[in-house]
Amino acid sequence: MKYLLIALAAVACTVQLSNAFSREAAKEMLHDYRVKNQNFHIDDLENTVTELEEELEGLGDIPDASTIAALKARIRNLEGTGCDEDHVQCGGDVPECISPLFVCDGQDDCKNGRDEEDDVCSMDPVKVGTTYSGITSWSDCVLHSPHMTVITITAFERPPAYTARVYVRAVVSFEVDEHSHLVQSYSAKGYWDFGHHRLNLIPNDSTQGGGHGISCSFNLGNHEEADCKIGLVTSKHQCAAFHAKKV
Ligand SMILES: [Ca+2]
């Protein structure tokens with residue numbers, strides 16, 4: 001009987017140890033499982049972050065306000081204003097065309113007042129000393145190799161009696177010979193058109209500048225760059241073009 005009790009006690013002890021061992025083992029297994037699971041989760045997150053970073057790099061920099069303005073201007077250029085060449089669009093929800101002669105004349109002519117707003121009537125593009133340059137490509141009139149054209153504003157006058165127009169003086173320089181970098185210059189006169197955001201210039205002396213005039217449209221939503229056309233003053237036939245950037 002004594003031996004039987006000892007044997008039963010030994011079995012009970014073994015079962016308790018075995019149960020204790022199983023719980024510890026289960027805890028360790030569960031811990032390992034959680035660690036492995038977390039490691040997998042972290043790996044997944046790292047992969048996701050890497051993919052997002054690659055996508056972000058692919059997207060490039062977040063566009064700033066000037067880039068968005070330029071994009072909107074390009075869309076407007078593609079869509080057209082809905083006005084003929086002799087009129088400009090007021091913008092806004094209700095399309096309205098007015099003469100460019102009424103833009104920045106000191107009186108509201110657009111219903112939304114757009115024709116007298118500060119950014120429309122800014123004279124930044126024709127401030128004295130402002131310089132624009134670009135590589136000019138000729139498609140007609142004269143056989144010139146592509147060359148640099150530089151426009152520098154030398155004077156301007158805005159008549160108090162009629163503020164819708166700014167009269168401008170400028171010097172236009174262009175490379176005659178790309179090898180020797182020989183440069184020719186001529187004086188030009190013209191005006192800044194607030195309504196069309198356009199700078200129009202012709203040579204002071206019609207015998208200079210090949211009898212060509214220059215018209216630069218600041219149609220990209222800023223005052224820093226413009227699409228310029230060079231054409232015959234007499235017929236306005238287009239001969240060359242360049243994309244001008246403020247220097
Ligand atoms: Ca006006």
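This tour moves through the structure stop by stop, giving a selection and then what is found there.

**The whole chain**

Begin with the full model, which is predicted rather than experimental. Colour the protein chain by secondary structure: 2 helices and 10 strands appear. Followed along the sequence, these elements run in the order α-α-β-β-β-β-β-β-β-β-β-β. The protein chain has 247 residues, and 29% of them count as buried.

**Helix H2 and Gly-221**

Select residues 65–79, which make up helix H2, and find Thr-67 within that helix. Thr-67 has a relative accessible area of 35% and is therefore partly exposed. Now add Gly-221 to the selection. Thr-67 and Gly-221 are 154 residues apart along the chain, yet a separation of 8.8 Å is found between their C-alpha atoms.

**Salt bridges**

The next stop concerns charged side chains; the whole structure contains 5 salt bridges. Select Glu-96 and Lys-111, whose closest N and O atoms lie 3.8 Å apart in one such bridge. The two residues belong to distant parts of the chain, 15 residues apart: Glu-96 is in the loop between strand E1 (88–89) and strand E2 (97–98), and Lys-111 is in the loop between E2 and E3. Their surroundings may be compared by accessibility. Glu-96 counts as buried because its relative accessibility is 17%, under the 20% limit. Lys-111, at 77%, is exposed, since the exposed class begins over 50%.

Move on to Arg-114 and Glu-117, whose side chains form a salt bridge with an N to O distance of 2.4 Å. Arg-114 has 28% relative accessibility and so counts as partly exposed; Glu-117, with a relative accessible area of 32%, is also partly exposed. Add Asp-119 to the selection to show a network of salt bridges linking Arg-114, Glu-117 and Asp-119.

Then select Asp-124 and Lys-127. Their side chains meet in a salt bridge at 3.2 Å, N to O. Asp-124 is partly exposed, with a relative accessible area of 30%, and Lys-127 is partly exposed at 47%.

**Gly-129 and Thr-154**

Select Gly-129, which lies in the loop between E2 and E3. Its relative accessibility of 46% places Gly-129 among the partly exposed residues. With Thr-154 added, a pair is seen that is 25 residues apart in sequence, with a C-alpha to C-alpha distance of 6.0 Å.

**Two residues with positive phi**

The backbone is the subject here. Most residues other than glycine have a negative phi. Select Cys-141: although not a glycine, Cys-141 has a positive phi of about 75°. The residue is located in the loop between strand E3 (131–138) and E4, and with 35% relative accessibility Cys-141 counts as partly exposed.

Select His-197 next, another non-glycine residue with a positive phi, in this case about 50°. His-197 sits in the loop between strand E6 (182–193) and strand E7 (198–203). At 26% relative accessibility, His-197 counts as partly exposed.

**The second largest pocket**

Rolling a probe the size of a water molecule over the atoms shows where empty space is left. For the second largest pocket, select Trp-138, His-144, His-147, Thr-149, Val-172, Phe-174, Tyr-186, Gly-209, Gly-210, His-212, Ile-214 and Ile-230, which form the lining. The space in this pocket comes to about 170 Å³. Which strands each supply at least two residues of the lining? They are E4, E5 and strand E8 (212–217). Colouring the lining of the second largest pocket by class gives 6 nonpolar residues, 6 polar residues and no charged residues.

**A nonpolar surface patch**

For the final stop, show the surface and select Leu-101, Phe-102 and Tyr-162. These residues make up a nonpolar patch on the surface, and together they have about 260 Å² of accessible area. Tyr-162 is located in the loop between strand E4 (147–157) and strand E5 (165–177). Tyr-162 counts as partly exposed because its relative accessibility is 32%.

Technical notes: Residues numbered from 1 in each chain as written. Predicted model: local features only at pLDDT ≥ 70, side-chain atom pairs only at ≥ 80, totals over all residues. Heavy atoms only, no water. Patch = residues over 30% accessible without salt bridge, like charges linked within 9 Å, V, L, I, M, F, W, Y side chains within 5 Å. Areas by Shrake-Rupley, 256 points an atom, 1.4 Å probe, with all protein chains shown as cover. Salt bridge = Lys/Arg side-chain N within 4 Å of Asp/Glu carboxyl O. Helix = DSSP H or I, 4+ residues; strand = E, 2+ residues; numbered from the N terminus. Buried < 20%, exposed > 50% of the residue type's maximum accessible area, 1.4 Å probe, protein only. 1 Å grid on protein atoms, 1.4 Å probe; cavity = no way out; pocket = protein on both sides within 12 Å on 5 of 7 lines; lining within 4 Å. Points joined across faces, edges and corners; volume = space filled by probe spheres on them. Nonpolar A, V, L, I, M, F, W, Y, C, P; charged D, E, K, R; others polar.
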